[in-house]
Amino acid sequence: MRNGNERDTAADAVARAGDDGAGGGASGGVSGATGATSSAAGATGGAPSVPRDTVAAVVRQWQAVRPDIDTGPMEVIGRINRCAALLQQAEDAPLRRVGLTRPEFDLLGALRRTGHELTPGELARETFSSGAAVTKRLKQLQERGLVDRRADTRDRRVSHVGLTEAGRDLVDSVLPDQLAYETVVLAGLDDDAQGQLSDLLGGLLRQLEGRLGLSPGFRQ
């Protein structure tokens, strides 16, 4: 269990992510949090009102200038994008301390959780990255001694990538910090709310992956 100082550090990082102005590229300016909030408050002509969140302010602005459009999708997608941007900034703090980028950690994490070697193509599919990007990141990770690559015995054009002992130890040391940030972020939701949110997001993810023909994961 983490002590109070560690939890405070995680909470401070989450707060700093918001201060950094993380966007989400969402729905015509959902990321413009401060300006959108103040503008929406002033538009009422009365005392400033605090919106439920930044996306609510943006939605009200669109409804004022385009009352003919349905902003329902924006209210969902905008919030997902905004949450994703804020979460990523907060969670990247432990990675920066060990000199890793998020995409590099995703590659190491894929190798750690599957428990066996993967080809660069499999890693590209697992991390939703291009083959060229994966090749570049693997080269950097190999230079740091975090992964090994070996040629296939039957087809030397194919390589197999695995974690070194140093790579496995690094993933195992960083992962608890990553989870600590997530625990702090979700602390305002009880277990039932977290379960409902997980189910809803899971349903959306399955729908999107189905449309794109993506596999839900590797077969063990």
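**Exercise 1.** In this predicted model, determine which residues Arg 102 touches, not counting residues up to four places away in sequence, and decide whether Arg 102 is buried or exposed.

*Solution.*
Step 1. Beyond its sequence neighbours up to four places away, Arg 102 is in contact with Gln 88, Glu 91, Asp 92, Leu 95 and Gln 178.
Step 2. Arg 102 belongs to helix H5, which spans residues 102-114.
Step 3. The relative accessibility of Arg 102 is 19%. Buried means under 20%, so Arg 102 counts as buried.

**Exercise 2.** Identify which residues make the nonpolar surface patch of about 410 Å², and classify Leu 197 as buried, partly exposed or exposed.

*Solution.*
Step 1. The patch is formed by Leu 87, Val 185, Leu 186, Leu 189, Leu 197 and Leu 201.
Step 2. One of these residues, Leu 197, is located in helix H9, residues 191-212.
Step 3. Leu 197 has a relative accessibility of 36%. Partly exposed lies between the limits of 20% and 50%; therefore Leu 197 counts as partly exposed.

**Exercise 3.** Describe the chain as a whole: state how many helices and strands there are, in what order the elements run, and what share of the residues counts as buried.

*Solution.*
Step 1. The chain contains nine helices and two strands.
Step 2. Read from the N terminus, the order is α-α-α-α-α-α-α-β-β-α-α.
Step 3. The chain has 220 residues, of which 30% count as buried.
Step 4. About 13,700 Å² of the chain is exposed, with 53% of that area supplied by carbon and sulfur atoms.
Step 5. Of the contacts between residues at least 6 apart in sequence, 58% link residues at least 24 apart.

Definitions and conventions
Residues numbered from 1 in each chain as written. Predicted model: local features only at pLDDT ≥ 70, side-chain atom pairs only at ≥ 80, totals over all residues. Heavy atoms only, no water. Helix = DSSP H or I, 4+ residues; strand = E, 2+ residues; numbered from the N terminus. Buried < 20%, exposed > 50% of the residue type's maximum accessible area, 1.4 Å probe, protein only. Contact = heavy atoms within 4.5 Å. Areas by Shrake-Rupley, 256 points an atom, 1.4 Å probe, with all protein chains shown as cover. Patch = residues over 30% accessible without salt bridge, like charges linked within 9 Å, V, L, I, M, F, W, Y side chains within 5 Å. Salt bridge = Lys/Arg side-chain N within 4 Å of Asp/Glu carboxyl O.
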